[in-house]
Amino acid sequence: MATGVPQYHRLAAQGVLPGVAPALVPETTDGRSSWAGGGPLPTRRPRAEQPVAAAGYDTVTVSMRHGLEAVDILRLRRACGAVLQSVTGTTVSFLVPAGTVSGWHLPGSSCSAGAVVLPATDPRWVMPPAGAGAAARPTDPWVLRSALCEAACTLTAGGLGPF
């Protein structure tokens with residue numbers, strides 16, 4: 001199984017991380033804050049980088065256990081492209097070249113057209129792009145199919161299948 005899978009952090013209500021102290025605002029001599037609004041202090045939200053819809057990719061989605069086993073196999077073959085975990089942490093999505101959806105037929109997986117590519121600094125990347133400005137590298141679909149089949153056999157042999 002892959003180790004070092006990043007864990008994502010959920011933002012608290014209003015987009016502010018829990019436990020973060022508000023910015024210090026200078027007060028007037030009568031104890032009120034000196035900001036121009038006069039009411040309660042506005043809440044500043046951290047600027048989050050927006051995901052970018054990428055037309056050059058499709059996604060192949062499998063269950064977490066199956067996907068992480070396939071990631072290990074692909075890493076050993078030095079053929080693993082960019083891989084994302086879902087928000088819920090139950091699935092893994094492999095980026096594959098656009099057009100893969102028309103020929104993808106593998107039980108236990110689904111292929112969908114288009115992909116949302118997150119910034120390279122997002123913690124949901126299992127295999128991130130190789131730098132902050134680098135483009136995500138897709139996995140070859142036939143190599144991915146082979147790795148997913150091998151992962152299914154490994155999990156079944158270990159008593160962890162069918163999944």
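Trainee: Which side chain of opposite charge is nearest to R145, and how far away?
Mentor: D140 is the nearest one, at 8.9 Å, and R145 has no salt bridge although it is buried. Charge here means Lys and Arg as positive and Asp and Glu as negative, with His and the chain ends not counted. A salt bridge requires a side-chain nitrogen of Lys or Arg within 4 Å of a carboxyl oxygen of Asp or Glu. Buried is under 20% relative accessible area, exposed is over 50%, and partly exposed is in between (1.4 Å probe, protein chains only).

Trainee: What kind of model is this, and what cut-offs apply?
Mentor: The model is predicted, so local features need pLDDT of at least 70 and side-chain atom pairs count only at pLDDT 80 or more, while totals for chains, interfaces and linings use all residues. Residues are numbered from 1 along each chain as its sequence is written, and side-chain values use heavy atoms, with hydrogens and water left out.

Trainee: Back to R145. Where does it sit, and what does it touch?
Mentor: R145 is in helix α2, residues 141-157. Not counting residues up to four places away in sequence, R145 touches G103, W104, H105 and L106. Contact means heavy atoms within 4.5 Å.

Trainee: How many helices and strands are there, and in what order?
Mentor: The protein has two helices and five strands, running β-α-β-β-β-β-α from the N terminus. Helices (H or I, at least four residues) and strands (E, at least two) are DSSP runs, numbered from the N terminus.

Trainee: At what angle do α1 and α2 pack?
Mentor: Helix α1, residues 64-76, packs against α2 at about 120°, and the axes are 8 Å apart. The axes are lines fitted to C-alpha atoms, for helices over the stretch in contact, and angles run from 0 to 180 degrees between N-to-C directions.

Trainee: Is the crossing left-handed or right-handed?
Mentor: The crossing of α1 and α2 is right-handed. A crossing is left-handed if the near helix is turned anticlockwise from the far one by less than a right angle, and right-handed if clockwise.

Trainee: Which residues in α1 and α2 meet?
Mentor: From α1 there are R65, H66, E69, A70, I73 and L74, and they meet V143, L144, A147, L148, E150, A151, A152, T154 and L155 in α2. By class, this contact has 10 nonpolar, two polar and three charged residues. Ala, Val, Leu, Ile, Met, Phe, Trp, Tyr, Cys and Pro count as nonpolar, Asp, Glu, Lys and Arg as charged, and the others, Gly among them, as polar.

Trainee: How many salt bridges in the whole structure?
Mentor: The search finds two. E150 pairs with R77, with the closest N and O atoms 2.3 Å apart. E150 is in helix α2 and R77 in the loop between α1 and β2 (83-85), so this salt bridge ties together parts 73 residues apart in sequence. E150 is partly exposed at 35% relative accessible area, and R77 is partly exposed too, at 38%.

Trainee: And R124 with D122: what is the N to O distance, and are the two buried or exposed?
Mentor: Their side chains form a salt bridge at 3.2 Å, N to O, and both R124 and D122 are buried.

Trainee: Different topic. What is the phi of R78?
Mentor: R78 has a positive phi of about 55°, and R78 is not a glycine. Most residues other than glycine have a negative phi. R78 lies in the loop between α1 and β2 and is exposed, with a relative accessible area of 77%.

Trainee: Which residues does L95 touch?
Mentor: Leaving out residues up to four places away in sequence, L95 touches Y57, D58, T59, A82, A115, V117, W125, A136, P138 and T139. L95 is in strand β3, residues 91-97, and is buried at 2% relative accessible area. L95 and Y57 are 38 residues apart in sequence, with their C-alpha atoms 6.1 Å apart.

Trainee: Where is A115, and how far is G56 from A115?
Mentor: A115 is in strand β4, residues 110-117, and is buried at 8%. G56 is in strand β1, residues 52-63. G56 and A115 are 59 residues apart in sequence and 8.0 Å apart from C-alpha to C-alpha. G56 is partly exposed at 46%.

Trainee: What share of the protein is buried?
Mentor: Buried residues are 34% of the 163.
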